[in-house]
Every structure is written in structure tokens, then in C-alpha cells.
Amino acid sequence: MVPLTDAGMVSQAWRHDADAITLDLEDGVDAARKAEARGLVKKAIVPTAKSAAEVFVRVNKSFLQADLEAAVWPGVCGVMLPQVESAAEVLEAAEIVATLERQRGIVAGSLQFIPLLESARGVWDIRSIITASSRVTQVGLDESDLAGDLGINPLPDHDPFVYARGRLVIEAIAAKVNPIGMAYPLSLRSGVAPESEIHALATKARNLGMKGVICPHPGWVAPVNAAFTPTAELVAWNKRVREAFAAGVAAGTAAVPLDGRMIDVPVDEWAIVVIATAEACAARDAEKHAALNRQHKCTAQ
Amino acid sequence: MPVVTARFVDHAWRRGCDFVILDLEDSVPRHLKAYARGLIEDAIPNVSKGGAEAFTRINHDSVQADLEAVVWPGLAKVAYPKTEHAEEVRLLDTIITRLERERGIRPGTVEIGPNIETAVGVANVFEIAAASPRVREFGATTGGYDLSRDLGVEMFVDFDQFVYVKGESELAARTLGLRVRGAPFVANTTGSVSDPDRAFRQAEAARRCGFRVSGGGLNPATVDSQNLGYTPPDEDVCDAHWVLEQYQRLEATGEAWLEVESRVIDRYEAARARDTLEWAALCAERNREKAEAVARTTAAMAEQAPPQK
């Protein structure tokens, strides 16, 4: 997440190995500089994408029309819609974006939406919000704003959003939308943190069902990427699972003991997913590194 | 247990189980499904002869053929895996109703146990639990293997991944007045399915949270510890008697509450004590039932095959 008015951060964003970079028009930009920030989006897209990151733009709910006009250009993958509380808001944004896609030569329907839920109303109505448009591909919570909406000042030891995060994960996956988010307490506390803590909590987020993390600081990217990439050890275990399961089936049973665990159909299916995920991560890393190498060559010339 | 593994099925009646689930689904290899169906009718009386109820888990995608093969006298419940919609439960109900009629089973005997194992299933828990009067018990306690795969999470972590799932399921069950299956979080970071100590801690935690129905287990080594964990220990029974004695004293005074040995005695505490005693009595009765069944079966077997000299 990069504020558009911070020229230094925008120009350096491509260096951090993020899979996606969101150019922020909302909370990262002072109210007085919104118009200036809008004018910066179009020129920032190509430099931001040069390390193969997908580019998103976070717009302001109160300046939806102006911000979308500033954000929807070829090269932008989608927009992050904050403070969403109803399906009608998603549909309103979809209508504006459809017009802009037509006017600006962008494939119709290609722009994605990432709604952020920041209120009790949004969390409660998540199903209608995320199924309002096929543009919705990811959904997250903005936990600091949610705490504000609920009027709570959470203590680090007491996670106030177990239910909200649980609902996000279940409803999103049920609707084939990717839930994104971090585990508590870093889900609420943005900024600098020890790499080991980021890694541990991102791993926990993945094991809650989250498919990605919005990184508020470049220092988050490496540990988050590591947490979402299956380790070599995990891949090796899952290869053993596949072998043991295949041997069991050949011998007439699909419930196979392995190191005290029970291996059956869903465990074997999950092993297939883990191995495929590791391969997909490796391919994506190769893609990013190739892009990075091209940049370094250009810079050297 | 996979119904295709004869030694599991043949020994099941000796294990002290309250119920045995004969599996046609994920523990049975695809190429053995038809063969497995043919085994259920005989397996039902076989696994029940120690007093256990016989359940069957059918496959999600071959409902018709599976139900034809499993709905026989003696079957207590059909577990339906990966239930996602109320219509699935209604379809099961229709077919089971016909089979009960055709096969001389008292109408409404066979329960349906919808297993909630996907995000879509969780999103629809209330409609699923309400879909048929045959759903008499509901909750989310199955090991979580399918749900983990559906959510894309690793199992056997050191925190509760399913708070929301269990909460939504329990809320639906309680709202509808069904028996609740529940599982408070007890970490299992090794993934062991045969650890009797862990099984005891899990069962004890469930009992202390007020749950009385278990989702079962995957290994016979856990049966005794589960039975023990769900049964109120003697000290709880003694304590319940003591509370009721104090409550009788309280009633004589006409006061609403009484403090004895820094504990409050009131009608809520008395109700809880009565509950414990009732549950202890039910557990004892069930154990007697099972012991009698085992004794009958052992005697019948001895008669059929007198020991050789």
C-alpha cells in the first residue's frame, strides 16, 4: 500500500517484491492533496508495474466518481473500495467503471474490485456485498476503522475480531472470492514490526483461510511472501502423503496411517493443492525476478 | 471405519463404542465403492452386537445407490458428507422415507446427520439443520479434514481455526432445539488420531462445555478415553449430591440463595447439579446396555462354537 503523494515511496515500490501494489488515494493522502494525488495516478502505473506487480488503486468512498475517473486506466488491475456497506455501493462503482472501461479501451469487465469492510453493517451484509458484482475478486476488513466504528480500543491480548474475520473467510470462500487479511494483533497495528512476528502472524492468517495480506509497510512483503509460500519441508511431506495414499488405494483402503496421522481422500487432495501451490509460487517468483533483472539491465545501460 | 476392511468391522462390537460409522465415502477407494455397498447390510447387525448404534456415511455424489444399499433395519443414522444445501437433505429424506416403507422400518427411524465440511455448508447451516425432522443432532466437530482443504488451511495448528464455523453451527442447532455436537478447541499439533490422552482431554473439555454427543474417532485406541471423558467423574457426582442437600436446606429457609463454604447455592446451581446426576445415570445405563449386549453375544458365540478339547 503506497500513498500517491509520497513520490519517494511510489518510485521505490517496485523494488520490494510485492505481488501487487496498491496506489492509495484514501487514508494515506491528506484531504487537501486529494486532487493533486488524482493527477499522479496515470503516470505512476507503468513504473509501479515494472517488477511484474499487479497495480491497484484505493479510492475514496466520498469522491467515488472523481477517483475512479483518475484511477481506471489500462495497466490497472482493479480498485480497492473502502468502507463498503451495501451491494448498492458496489453496483454504483461497477456502473462507473464499466463506462470508463468502454471509453478508455479497456476489456469490458476486466477491472477487479477489492471491497474493504470497516463497519458492523459491512461485516453483517458481506454476502450481498461480495456477490453484487463478478468484479469482486478479493475482500478484506479494515480492522482499525472497524474498531472505530464499534467504539472499541482493543487490548493486544484480546482479539476483538475473531467473529468478523471468521465470517469474512467463510462467506468469501463460499462465494469464490479471496479473503485477505492479517492475524491479530498486526491486523490492527500497521507499520514496522519484527520480521519474525510478521512471518508468524501471516502464517496464522493463511491458516485461518486468508489468501493474502495487505502490507502497510515494505518491510512486511518478504515475511508475508515467505509465509504464503509452502516450505520445502511441507512439499516433501505432501509428496510422502501422495505416495502413501496411492499405495493404500492399491492395497484396497483409502484410509492410510502415516506417522500417526490418518491419510484419506481430502488429505490427498490437499497434498495435490500444496504441491501445485509451491509450483505456482516458484513460477510467480521467477516472473518477478525476470522483470527485476530486465530493470537492472536497463538501469545499467 | 472403512466398511471394506473386514478386520475393523469384525472387531468393532468389542470396542465399547456407543456408535459405529460404517464408511462408504473417503476411506473407501473409488474402485471398491460398489463392493463396499454390498457389505453394509450384513455389517449393520455385526457392528451392533456389542450395543453400539450403527451409522453409515454415504458418498456425496451417489445418494440413490448408496441409500438403497444402507437403509436396512438396524441402521440408526445416515451421515451425509459435504452437505451444502437444504435441498440435499430433503432429497435424502424423500428416498429414506420410501425405503423405510418398502423395508418394514418404522417411519422416521433413520436419522440424517448432515456433515458441514465446506464454506458453502457453513454459510447455509441454519437451512440445512432445519431441512428435515430426521436431523435431530447437529454441529461441526468432524475432524476438519474436508473443511481445511476447502478453506485452504493447514491442519494441526496451535490455535482454533474454526471458532466461527462451530459457533454458527451450534447457534443453528440450539435455535432449532436439536442435540448439539460441539468440540471446544484442544490443540493437536502432531495430527495423531490414536492418542488416548488427547482424546480424553477433548472429551472432558466437551463435557465441561455441556456437550454430550461426540463426533466419534478414527482409532479404536480412543474409544475408552472418549467414553470416560464424556462421563461425569465420581467427584462431580458427589459434589452434585452435596449441592442438592444444601439446596434442600435453602428451600426450608425460604431464601433465594445461600452461601456455603464460599459457594453460592441457588436454583441455578441446583438445576446444574440435577443435570449432572441425570447425565451420570444415563451414562451408567448406557454402559449397562452395552455390557449386556456383549455378554449376550459372547454367550451365543460360545453356544455356536463350543471350545475344542
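What follows is a short conversation about how some labels on this predicted model are earned.

Visitor: What should I know before we start?

Guide: The model is predicted, so local features need pLDDT of at least 70 and side-chain atom pairs count only at pLDDT 80 or more, while totals for chains, interfaces and linings use all residues. Residues are numbered from 1 along each chain as its sequence is written, and chains are lettered from A and ligands numbered from 1 in the order in which they are written.

Visitor: Why is Arg58(A) called buried?

Guide: Buried takes 20 or more other C-beta atoms within 10 Å of the residue's own (12 or fewer is exposed, in between is partly exposed, and C-beta atoms are placed from the backbone). Arg58(A) has 25 such neighbours inside 10 Å, so it counts as buried. You'll find Arg58(A) in strand 3 of chain A; strands (E, at least two residues) and helices (H or I, at least four) are DSSP runs, numbered from the N terminus.

Visitor: Which residues is Arg58(A) in contact with, leaving aside its neighbours within four places in sequence?

Guide: Thr22(A), Asp24(A), Leu25(A), Glu26(A), Met80(A) and Pro82(A). Contact here is C-beta atoms, placed from the backbone, within 7 Å. As for Asp149(A), 91 residues along the chain from Arg58(A), the two C-alpha atoms are separated by 20 Å.

Visitor: How do you know that helix 2 of chain A has a span close to the expected one?

Guide: The expected span is 1.5 Å times one less than the number of residues. Helix 2 (residues 34-48) has 15 residues, giving 21 Å, and reaches 20 Å from its first C-alpha to its last.

Visitor: And what is centred on Lys42(A)?

Guide: A kink of about 45° in helix 2 of chain A. The bend at a residue is the angle between axes fitted to the seven residues ending there and the seven starting there.

Visitor: Which residues of helix 2 of chain A are buried, and what covers them?

Guide: Ala37(A), Arg38(A), Val41(A), Ala44(A) and Thr48(A) are the buried ones. Their cover includes helix 1 (7-12), strand 2 (20-24), strand 3 (54-58) and helix 3 (64-71) of chain A. For background, an α-helix has 3.6 residues a turn, so residues three or four places apart point the same way.

Visitor: What makes chain B as compact as a globular protein of its length?

Guide: Chain B comes to 13 helices and 8 strands. Its radius of gyration is 21 Å, close to the 19 Å from the globule rule for 309 residues, so the label fits. The radius is taken over C-alpha atoms, and the rule is 2.2 Å times the number of residues to the power 0.38. Those C-alpha atoms fill a box of roughly 70 × 60 × 45 Å along the principal axes, and buried residues make up 42% of chain B.

Visitor: How many residues are in contact between chains A and B?

Guide: 29 residues of chain A meet 33 residues of chain B. Helix 8 of chain A gives the largest share of chain A's side, 9 residues. By class, that side has 16 nonpolar, 6 polar and 7 charged residues. Nonpolar means Ala, Val, Leu, Ile, Met, Phe, Trp, Tyr, Cys and Pro; charged means Asp, Glu, Lys and Arg; the others, Gly among them, are polar.

Visitor: Where are the domains of chain A?

Guide: Domain 1 is 2-227 and domain 2 is 232-300, with bounds from an automatic or database domain assignment. Their C-alpha centres lie 29 Å apart, and the contact takes 5 residues from domain 1 and 6 residues from domain 2.

Notes. Contact = placed C-beta atoms within 7 Å.
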